[in-house]
Amino acid sequence: MTSYPSNMERSAWGNGRARPMEGVARRRAIRVAALPLACALVAAAPPPIDREALVRRHAITFTTADPHAPVMLGNGELGFTADITGLQTFPALYAELTPLLTMAQWGWHSFPNPKGYTERDGLTMVAVPGRGQQPYPWMRAWRDADKNPAFTWLRANPHRISLGRIALTVGGRPADFARISATRQVLDMWTGTLTSRFRYDGQPVEVRTRVLPGVDAVAVEVTSPLVARGSLGVSVAWPGVAPAINPDPSHWTPRAGETTRIVSRTPGEWRVERRLDATRYWSTVRSDGTIAQGDGDRLTIRGRTPTLRAVVAFAPRAEAPRLPGFAAMPDAVAAHWRQFWTRGAAVDFTGSSDPRASELERRVVLSQYLSAINGAGTLPPQEEGLFSNSWFGKFHLEMHPWHSAWQAAWGHADLLERSMGWYLRTLPSARAEAARHRVKGAWWPKMVGPEGRNSPSLISPFIMWQQPHPILLSELIRRAGTGRAGKDRAGKDRATLDRYAPLVEATAEVLASWPTCDATACHLGPPLIPAQENYDPLTTRDPAFELEYFRWALNIAQDWRVRRGLPRRADWDNVVARLAPPAVRDGLYLPVASVPDFWRVAASARCRRHAEAEGCRNRDHPSFLMAYGFVPGARIDRATMARTLQAVEANWDMRQTWGWDYPMIAMTAARLGQPDKAVDWLFATGKNNQWGATGMTPRVHLDAHAAGLVPKSGGAGGVAMAVNPDGPGYARAAETYFPSNGALLMAVGLMAGGWDGADRPAPGFPQRGWRVRAEGFTPQP
């Protein structure tokens, strides 16, 4: 059986910063002084995790190009996707869903809008019980866009774009893959360095690629005899915007409204302005080689010595960025990543006898790396991050916690705080949206771009589980700050309260004013679509998870008021007390109260495990389990939830689950005291639980139930589909789905770092077969 530290030790090193608290150490030293040496050695605190060894043993290595798995580099604001050469030399080698892109959080574009469509043009009046007709950006069917073109324009704009392509050239022309051999590529996540080695025409080539911290720039070093001969070089090109946008927004045929202008040039640095309709951005190309203009708008760079160094920086403003010297760049990048890996939490499964332990550790390390690139920027991340586009690159706010909530529990609350500024900036429009729905506070959209406008959709306007998220995320940040020992604890708590109190207060206003109350209880919906998205919005009422999430968030908002020296709000308490309880039938929690025969239908021969027939709803996200997993639902009966989890295991169509469902279910199993089952769910077999060499999971759908996804040729849905390697009957929609990674980290953080009231360290892992060393975690609520 695994040996675990005591609760006191856990508070000292499991949730601290890798060493015992001073008081604990002093008391331990007093006790140990009176013991024999052998006992003293047993009582000693465990050594800290070797962070460098932990990260480096999971370095990514390729010896051939994997068409589904290019490597990503980035800094949270800029993402750069590299092929087997370390640059973006051979995009044709990669699958249709894996474009080689350079994307930034600020890189957005809109096509011209000659008819002047505004948000009002995309609204549909919907009858809301007790509140009359209200405007929602609702499309009843995709064909509605044929009648109202505003739907298409409002969905597709703004959209993310790729800023540039950096590639190898030979003799000033594109390199030829047929002349490449002996490829070997290694991503060292400890230093943020991608090293790509190969031979070109038999000559050795080494490419080192990095993305700089603090500035959106890609640094490249190319070493080869071919460089010294002036043959092997680097090119920089700027794409236009493709009308299809998804998954690759790049377009290489010039069109009206797209221009490239050289602003300035010196022997070692050229400045370029790129204009795409109303979007403008600037690039700085600096090198110790020779920069020249190639064909079209392309720049070429050639060296004079065996090593060519170049850096390409992108910015939304004309001011030239401050770039370090070439010699300082590797150390700057390494220091950035070393700080990331050493400052936050870590979990080490070395010594576990369960054969899955090493694979889970790999997934955890790679997910941290990918999330630091794709889920730690100044905007909430889109589901494909900075890797490619889905839904036009817009972010889905209901996914924000799955992307980023783990960061607070893992000692990286500062990364989460980067995106929280978007909510504060968007408060005025969120308040206007609430007023349009005749409720108080701030109403948060679902599918949205940086401007904060909701996008027309069949489903998005009625999803409401994103509404409590700002309270959850603010509370996790507060807990992470106050969990640190030191004299500044109260100050950190006060600073967090002051910064996010307007956000928490406005969000709570919606949670308290949107439910409709009758003589017996307060209810959620209609109109409403729960996190399990296969319900009629006009008839759905009281989803189990949303009821508990609203209630939990309102209680947290009340706690914030008390911490700020304010009285509790009586109207909020009234809603907390009167919110309808999650509905139960036949000893099981119902997903929604308005479908009382859910489980009887799910267990029927026509629906069980294969929910394709009409009326079978046992597919998509089993989100009702989140009422005792994602949050600690205070009204949830553990025995009833345990039976409900068993019913999911027996009846759910797991072919139609998404990547975050598996960790989500693991969280529920962990809270129910079923750690073996929690681990099993992390490794459950599923098309969307396949973890590739780079730590990415795909997004795969049944062909017959593509949930509104449209063909590659485009359409109102805005999500590309492609022939895939998953077998007949399936359609692969994306090569990556980053909520899988963030959800895994949130689940492992809960399982290893614990939660309020947990009775032992690493409470979500079995005590047999697993040796869990966890440090730096803040327990989750």
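**Exercises on a predicted model**

Pro 527 sits in the loop between strand 28 (522-523) and helix 15; helices (H or I, at least four residues) and strands (E, at least two) are DSSP runs, numbered from the N terminus. We're working on a predicted model, where local features need pLDDT of at least 70, side-chain atom pairs count only at pLDDT 80 or more, and totals for chains, interfaces and linings use all residues. Numbering starts from 1 along each chain as its sequence is written, and side-chain values use heavy atoms, with hydrogens and water left out.

**Exercise 1.** Work out which backbone features stand out around the loop between strand 28 and helix 15.

*Solution.*
- Start with the peptide bond that joins Pro 526 and Pro 527: it is cis, with omega about 0 degrees.
- Move on to Asp 542, which lies in that loop too. Its phi is near 55 degrees, a positive value in a residue other than glycine.
- Check burial: Asp 542 has 5% relative accessibility, so it counts as buried (under 20% relative accessible area; exposed is over 50%, partly exposed in between, with a 1.4 Å probe and protein chains only).
- For context, most residues other than glycine have a negative phi, and most peptide bonds are trans.

**Exercise 2.** Describe how strand 18 (residues 258-266) and strand 19 (residues 269-276) are joined, then look at the loop after strand 19.

*Solution.*
- Count the bridges: there are eight, and the strands run antiparallel (strands pair if DSSP finds at least two bridges between them).
- Pick one pair: Ile 262 has Val 272 in strand 19 as its bridge partner.
- Close the hairpin: two residues lie between the strands.
- Step into the loop between strand 19 and strand 20 (279-287), where you'll find Asp 277. Its phi is also positive, near 55 degrees, and at 17% relative accessibility Asp 277 counts as buried.

**Exercise 3.** Find what Trp 660 touches and where it belongs in the largest nonpolar core.

*Solution.*
- Size up the core: it has 224 residues, and Trp 660 is among those with the most contacts inside it, as are Leu 360 and Phe 765. Such a core is a set of buried Ala, Val, Leu, Ile, Met, Phe, Trp, Tyr and Cys residues joined through side-chain atoms within 4.5 Å.
- Ask which helix gives the most: that's helix 15 (residues 544-563), with 11 residues.
- List contacts (heavy atoms within 4.5 Å): leaving aside neighbours within four places in sequence, the partners of Trp 660 include Met 399, Trp 402, Trp 465, His 621 and Tyr 737.
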